Amino acid sequence: GFWNNRLTGTLDVYSKKTTRLLFNEYVPATSGFASELINAGSVGNKGIDIGLDFIVLDHKNFGWKIFGDFSSNKNKVLNLNGTNNLLAGNSSSSIFTGGGQSTSILTVGKPIGSFYGYKFAGIWQTQEQITASGQTSPVVHPGDPIYVDENGDKTITGADRVIIGHALPKFVYGFTNNFRYQRFNLSVFVQGVYGDDILNENLYDIQNGFSTDNKLASVTHSWTGPGTNNTQPRVSSTLRRSVGITSDVIEDGSYMRLKTASLSYTLNIPKNKAIKSILVYVTGQNLITLTHYLGFDPEVNSYGNNSNSNNLSLNTDYGSYPSSRTFMAGLKMGL
């Protein structure tokens with residue numbers, strides 16, 4: 001504490017290793033089972049947590065206090081039961097040809113929640129560009145998306161998949177401002193996340209590609225000829241859907257949200273009355289969210305409660321219902 005405890009805080013620094021983690025390992029279908037539950041490998045977490053309380057002003061008729069917290073964690077897979085890589089994560093079985101695909105990979109030395117797929121590199125503009133590239137498979141046409149041939153064999157296969165994003169944030173934070181003026185009290189809570197990515201599976205349906213679903217208005221700016229667009233393929237292109245998980249559906253999930261704001265007023269009750277106190281209040285939740293994420297809500301995880309996901313399907317959005325904006329009014333009486 002500092003300045004007669006007007007500023008107080010806590011600082012926690014930690015390093016933890018967790019071993020013999022439970023994991024559903026896939027087994028050959030000839031066994032009669034899809035997977036078996038095993039104790040596999042270890043994970044390390046290192047981080048810092050900071051909490052601060054600051055009394056800015058404390059007068060008879062006016063007061064202002066700030067409460068804040070900050071947390072940053074670095075996660076790393078340390079061991080995977082003798083292997084270096086394991087596919088993980090769930091996706092919708094209705095999107096991709098042949099059913100759902102793994103969305104992430106567990107790799108020794110990398111964090112949990114590493115999205116795994118093909119790196120997007122623009123739009124094929126002309127047939128001459130395609131011919132000069134030498135790519136033989138899959139067959140592409142002008143207006144199709146370009147995916148990076150990582151191993152240089154002129155074909156796009158599973159061997160060209162790389163880590164294309166991370167679901168775990170760099171840090172999370174929150175702070176509350178409490179204001180007091182005579183009998184009025186105002187509390188404002190803001191929280192946020194920075195540095196995480198979201199797999200927006202909705203884009204497979206609501207952007208370009210063969211589908212009967214409604215579309216985003218942005219499809220009106222799709223590629224229609226050389227030089228018209230280098231980020232949105234032609235409307236009829238189905239390559240993204242047939243390839244699988246790609247970096248052009250991975251989005252920045254950082255956000256800042258006005259989570260709660262509450263205004264209250266304490267009525268003046270004469271002494272010797274049956275009711276000792278009356279507090280009238282109004283509260284709003286999820287009022288404002290600042291984010292670049294295209295989906296309804298960056299605070300999302302469609303497959304987190306899936307019993308087969310091993311809790312490794314992080315930050316995946318497919319048809320998730322967003323957090324509701326709510327308003328409440330109430331009366332509290334003390335006897």
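Does Asn 286 count as buried or exposed, and at what relative accessibility? In the predicted model examined here, Asn 286 has a relative accessibility of 13% and counts as buried, because the cut-off for that class is a relative accessible area under 20%. The residue belongs to strand β17, which spans residues 277-291, and its phi is positive, at about 55°, although Asn 286 is not a glycine.

A second non-glycine residue with a positive phi is Arg 20, for which the angle is about 50°. Arg 20 is placed in the loop that links β1 (7-19) with β2 (22-26), and with a relative accessible area of 59% it is exposed, since the threshold for exposure is over 50%. Both backbone conformations can be set against a general background, in which most residues other than glycine have a negative phi and most peptide bonds are trans. A departure in the peptide bond itself occurs between Ser 137 and Pro 138, where the bond is cis and omega is near -5°. Pro 138 is located in the loop between helix α1, residues 127-133, and strand β10, residues 145-147.

Strand β17, which holds Asn 286, also contributes to a nonpolar patch on the surface, to which β13 (184-194), β16 (255-266), β17 and β19 (326-334) each supply at least two residues. The patch covers about 860 Å² and is made by Tyr 181, Phe 184, Leu 186, Leu 263, Tyr 265, Leu 267, Val 280, Val 282, Leu 331 and Met 333. Among these residues, Leu 263 is situated in strand β16 and, with a relative accessibility of 38%, counts as partly exposed, because this value falls between the 20% limit for buried residues and the 50% limit for exposed ones.

Elsewhere in the description of the fold, an open sheet is formed by four strands in the order β6-β7-β8-β11, with antiparallel pairing. Its edges are occupied by β6 (85-88) and β11 (162-166), each of which pairs on one side only, and the twist from one strand to the next averages 45°. In general, the strands of a sheet pair through backbone hydrogen bonds, in either a parallel or an antiparallel manner. Within this sheet, the antiparallel pairing of β11 with β8, which comprises residues 114-117, extends over four bridges. At the level of individual residues, Tyr 116 has Ile 163 of β11 as its bridge partner.

Key: Residues are numbered from 1 along each chain as its sequence is written. This is a predicted model: local features need pLDDT of at least 70, side-chain atom pairs count only at pLDDT 80 or more; totals for chains, interfaces and linings use all residues. Side-chain values use heavy atoms; hydrogens and water are left out. Buried means under 20% relative accessible area, exposed over 50%, partly exposed in between (1.4 Å probe, protein chains only). Patches are made of residues with over 30% relative accessible area and no salt bridge: like charges are joined within 9 Å, nonpolar side chains (Val, Leu, Ile, Met, Phe, Trp, Tyr) within 5 Å. Accessible areas come from the Shrake-Rupley method with a 1.4 Å probe; for residues, only the protein chains shown count as cover. A salt bridge is a side-chain nitrogen of Lys or Arg within 4 Å of a carboxyl oxygen of Asp or Glu. Two strands pair if DSSP finds at least two bridges between them. Axes are lines fitted to C-alpha atoms, for helices over the stretch in contact, and angles run from 0 to 180 degrees between N-to-C directions.
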